[in-house]
Amino acid sequence: MIKGLAFLSISFILGMWTGELLGSWLGIHANVGGVGFAMIFLILSKEYFSRRGWWKSELEFGIEFWNKLYIPVVIAMAASLNVKSAISSGTLAIFAGIVPVIIAFAVFYFMMKSFKTT
Amino acid sequence: MEELIKVIDKNGLVVAFLLVGLLTWLTDLFSKKILNSRVPGSAIAIFLALAFGYLGGVIGKGENGLADLGLFKGLALLGGSMFRDFAIVATAVGASFLLIRKSGLLGLISLLLGILVFFVAGVAMAWAWGYRDAVSLCTIGAGACTYIVGPVTGGALGASSEVIALSIGTGVVKTIAVTIFTPILASKIGLSNPSAAMAFGGIMGTSSGVAAGLAATDPKLVPYGAVTATFYTGLGCLVCPSLFFLMLDWIF
């Protein structure tokens with residue numbers, strides 16, 4: 001179990017590092033896609049390990065636990081968001097937060113339609 | 001009683017496990033028995049958690065919603081960025097690399113389109129509310145992307161702290177809106193497969209909102225949405241204070 005967790009951790013740290021490096025290389029103070037790189041590292045190394053026959057279900061268990069913990073973490077995150085100040089920082093924040101989301105849903109809808117027909 | 005409070009105070013994270021577990025148990029029960037599973041239990045739990053976050057903000061007057069109250073402070077740790085990102089990465093274990101590679105181009109297009117849509121719409125809203133200077137317009141437009149892009153852009157351009165706070169508020173409202181609308185609209189907009197989820201993550205961007213919304217829709221889609229959404233904030237921080245600002249500055 002702990003080996004799987006270590007596997008996940010090394011992918012996570014390498015991915016975050018890549019994101020930070022890319023961020024400072026681009027000259028912005030932000031992590032660029034660290035989580036995305038970490039996910040790609042995890043998927044690629046899992047692929048490599050299973051091809052070699054090194055991937056054990058025991059490894060997967062340690063990662064699977066965190067996979068399952070994702071929704072509880074999101075629930076805890078939702079409860080610790082600054083919902084009150086978001087709502088009370090003025091009508092502009094509410095409208096500029098919601099209206100673009102509705103437009104984006106429409107854009108997504110038409111984009112998926114056009115991708116299917118072509 | 002004093003002893004119990006001491007134990008709760010010392011073990012915030014463990015208390016958070018208990019609280020989230022209880023909430024999930026109750027909402028699952030509610031979803032199954034009363035709503036016939038038409039709305040997933042996790043969607044109700046996330047929505048209730050937002051409501052609790054609001055109450056916590058009213059009572060605690062802090063910045064971390066419910067987690068500002070002593071009893072619930074462990075929630076900030078469990079729901080903090082470290083555990084959140086770690087758990088998102090763990091979801092990739094169930095994702096297929098072939099599918100991600102196949103939809104890579106769609107994901108990239110949707111990322112660029114998404115940032116543009118949110119920025120332009122945000123700027124238009126700010127303009128309608130009476131802002132006319134390029135710096136404020138750009139900061140609020142960036143806030144409509146995510147609550148990280150907003151302050152990064154505002155800081156880089158030297159916007160007033162009032163406008164920066166507004167951009168953060170806008171970004172948080174966006175996260176909440178995406179979280180709530182995604183499970184409601186998913187079936188109507190064809191958000192039902194991995195490549196649609198990748199495009200969705202790119203368009204919507206806010207990784208916490210996308211992941212929470214997809215978790216409430218279909219947990220299998222979370223890794224696909226997250227893998228594109230995670231590039232959104234970085235890309236937004238790159239183009240908003242530079243390219244987009246220059247364009248705004250030229251127009252106004």
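**Exercise 1. Find out which residues A226(B) touches beyond its neighbours within four places in sequence, and decide whether A226(B) is buried or exposed.**

Solution. Keep in mind that this is a predicted model.

- Step 1: Start with the contacts. On its own chain, A226(B) meets I88(B), T91(B), G201(B), S207(B), V210(B) and A211(B). From the other chain, V35(A) is also in contact with A226(B).
- Step 2: Place the residue. A226(B) sits in helix α13 of chain B.
- Step 3: Count what surrounds it. There are 29 other C-beta atoms within 10 Å of A226(B), and the cut-off for buried is 20 or more. So A226(B) is buried.
- Step 4: Try a distance. A226(B) and G209(B) lie 17 residues apart in sequence, and their C-alpha atoms are 9.7 Å apart.

**Exercise 2. Do the same for S11(A): where is it, what does it touch, and is it buried or exposed?**

Solution.

- Step 1: Look in helix α1 of chain A, where S11(A) is found.
- Step 2: Skip residues up to four places away in sequence, and S11(A) touches A38(A), F41(A), L42(A), S45(A) and V89(B).
- Step 3: Count again. S11(A) has 25 C-beta neighbours inside 10 Å, so it counts as buried.
- Step 4: Check a pair along the chain. S11(A) and F37(A) are 26 residues apart, with 8.4 Å between their C-alpha atoms.

**Exercise 3. Follow V89(B) across to chain A, then work out which residues the contact between the chains uses.**

Solution.

- Step 1: List the partners of V89(B), leaving aside neighbours within four places in sequence: L8(A), S11(A), F12(A), G15(A), V35(A), A38(A), M39(A) and L42(A).
- Step 2: Zoom out. Chain B puts 88 residues into the contact and chain A puts in 66 residues. On the chain B side, helix α10 (residues 161-185) supplies the largest share, 13 residues.
- Step 3: Sort the chain B side by residue type. You get 63 nonpolar, 21 polar and four charged.
- Step 4: Look for a core. The largest nonpolar core holds 129 residues, and V74(A), I75(A), A78(A), I46(B), L75(B), V89(B) and C240(B) have the most contacts inside it. Helix α13 (residues 222-251) of chain B gives the most to this core, with 14 residues.

**Exercise 4. Describe the build of chain B and explain why it counts as being as compact as a globular protein of its length.**

Solution.

- Step 1: Count elements. Chain B has 13 helices and zero strands.
- Step 2: Compare radii. The radius of gyration of chain B is 20 Å, close to the 18 Å from the globule rule for 252 residues, so chain B is as compact as a globular protein of that length.
- Step 3: Add the spans. The C-alpha trace of chain B covers about 65 × 45 × 30 Å along its principal axes.
- Step 4: Look inside. Buried residues account for 59% of the 252 residues in chain B. Of the chain B contacts between residues at least 6 apart in sequence, 63% join residues at least 24 apart.

**Exercise 5. Split chain A into its assigned domains and say how far apart their centres are.**

Solution.

- Step 1: Read off the assignment: domain 1 of chain A is 1-81 and domain 2 is 82-118.
- Step 2: Take the centres over C-alpha atoms, and 28 Å separate the two domains of chain A.

**Exercise 6. See how confident the predictor is, chain by chain and for the complex.**

Solution.

- Step 1: For chain B, mean pLDDT is 87, with 99% of residues at 70 or more. Helix α6 (residues 97-102) of chain B is lowest, at a mean of 78, and helix α8 (residues 134-145) of chain B is highest, at 93.
- Step 2: For chain A, mean pLDDT is 84, and 94% of residues reach 70 or more. Among its elements, helix α5 (residues 83-88) has the lowest mean, 74, and helix α1 (residues 2-25) the highest, 89.
- Step 3: For the complex, the predictor gives an ipTM of 0.84 and a pTM of 0.78.

How values were computed: Residues are numbered from 1 along each chain as its sequence is written. Chains are lettered from A and ligands numbered from 1 in the order in which they are written. This is a predicted model: local features need pLDDT of at least 70, side-chain atom pairs count only at pLDDT 80 or more; totals for chains, interfaces and linings use all residues. Two residues are in contact if their C-beta atoms, placed from the backbone, lie within 7 Å. Helices (H or I, at least four residues) and strands (E, at least two) are DSSP runs, numbered from the N terminus. Ala, Val, Leu, Ile, Met, Phe, Trp, Tyr, Cys and Pro count as nonpolar, Asp, Glu, Lys and Arg as charged, and the others, Gly among them, as polar. Domain bounds come from an automatic or database domain assignment. pLDDT is the predictor's confidence in each residue, from 0 to 100. The radius of gyration is taken over C-alpha atoms; the globule rule is 2.2 Å times the number of residues to the power 0.38. A residue is buried if 20 or more other C-beta atoms lie within 10 Å of its own, exposed if 12 or fewer, and partly exposed in between; C-beta atoms are placed from the backbone. A nonpolar core is a set of buried Ala, Val, Leu, Ile, Met, Phe, Trp, Tyr and Cys residues joined through C-beta atoms within 7 Å.
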